[in-house]
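This briefing describes one strand, the sheet around it and one loop residue, in that order. Please read it alongside the sequence and the coordinates.

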Amino acid sequence: MTRITIIQGHPDPVGGHLLHALAGAYAMAAQAAGHEVRVLEVARLRVPPLLTAEDFASEAIAPDIRAAQESLAWAQHWVVFYPLWLGCMPAGLKAFWEQALRPGFVREGGQDITTGRLRLKGRTAHVVVSMGMPGFIYRWFYGAPGVKALERNILGFIGVKPRRRTIIGGVGQMTAERAKAWLARMEAAGRAAG
Ligand SMILES: Cc1cc2nc3c(=O)[nH]c(=O)nc-3n(C[C@H](O)[C@H](O)[C@H](O)COP(=O)(O)O)c2cc1C
């Protein structure tokens, strides 16, 4: 049994997008297989913009962010869903990481982001990104820079190991059949807590 926290980074709080269906398929299959699942809908949280380095280091944390930190720490595996916006993640999701991954949370005994034991070390992550362009263009022509930034500079930096990556391209032209195939892949990942 694995404790999983899904971080839904689609900025539309109403839901109903492919990424919400994919996250739902993952969660249902994971729960049916005996895993425990929590979901953080970033668009429904109150995430104030982080404006200064002093705010980053401070212990003052908004209530929604504190609750989200609890679910991040609880989980053994994070599954992050987001649409590619202007080549990287939507601003709301970036603001969430800036608020949640504060030094006092990710490092033991430190207000410094670079020193102290990493509290979240040992956790793993699966990053699921949808985009308008074909997936192979993003991977091979651009080199997947936004996804690498999340995997290396955000997750890897705090000790969370990116274990799996799913790039879903051509979302605008997606047929019902292809969408069904992606849902099946997410179900398989959920069952395996992958
Ligand atoms: C503001 C905005 C910026 C976007 N930037 C990109 C981009 O840089 N590259 C790309 O391939 N698709 C881009 N897209 C398309 C989205 O990635 C695509 O619509 C999304 O993955 C599918 O989710 P949806 O249900 O919100 O449409 C952008 C869409 C929006 C609204």
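In this predicted model, the side chains of β3 are divided between two directions: H77, V79, F81 and P83 point one way, while W78, V80 and Y82 point the other way. Residues of both sets are buried. The strand covers residues 77–83, and 7 of its 7 residues are buried.

**Partners of strand β3**

- Strand β1, residues 3–8, is joined to β3 by 5 bridges, and the two strands run parallel.
- Within this pairing, the residue that stands opposite H77 of β3 is I4.
- Strand β4, residues 124–130, is joined to β3 by 7 bridges, again in a parallel arrangement.
- At P83 of β3, the residue standing opposite in β4 is S130.

**The sheet as a whole**

- The open sheet is formed by 5 strands, in the order β2-β1-β3-β4-β5, with parallel pairing.
- The edges are occupied by β2 (36–41) and β5 (161–168); each has a single partner strand, so one side of each lacks a neighbour in the sheet.
- On average, neighbouring strands of this sheet are turned by 15° against each other, with direction ignored.
- Strands of a sheet pair through backbone hydrogen bonds, in either a parallel or an antiparallel manner.

**Pairing at β2 and packing of helix α7**

- The pairing of β1 with β2 is parallel and extends over 6 bridges.
- One of the residues involved is I7, whose bridge partner in β2 is L40.
- Helix α7, residues 145–155, packs on the sheet and touches β4 and β5.
- The direction of helix α7 makes about 155° with that of β4.

**Residue R107 in the loop before β4**

- R107 lies in the loop between α5 (103–106) and β4.
- Is R107 buried or exposed? R107 counts as buried because 21 other C-beta atoms lie within 10 Å, and the cut-off for a buried residue is 20 or more.
- Leaving aside residues up to four places away in sequence, R107 touches I113, T115, G116, R117, L118 and R119.
- R107 and L120 are separated by 13 residues in sequence, and their C-alpha atoms are 8.2 Å apart in space.

Conventions: Residues numbered from 1 in each chain as written. Predicted model: local features only at pLDDT ≥ 70, side-chain atom pairs only at ≥ 80, totals over all residues. Buried ≥ 20, exposed ≤ 12 C-beta atoms within 10 Å, placed from the backbone. Helix = DSSP H or I, 4+ residues; strand = E, 2+ residues; numbered from the N terminus. Pairing = 2+ DSSP bridges. Contact = placed C-beta atoms within 7 Å. Axes fitted to C-alpha atoms, helices over the stretch in contact; angles between N-to-C directions.
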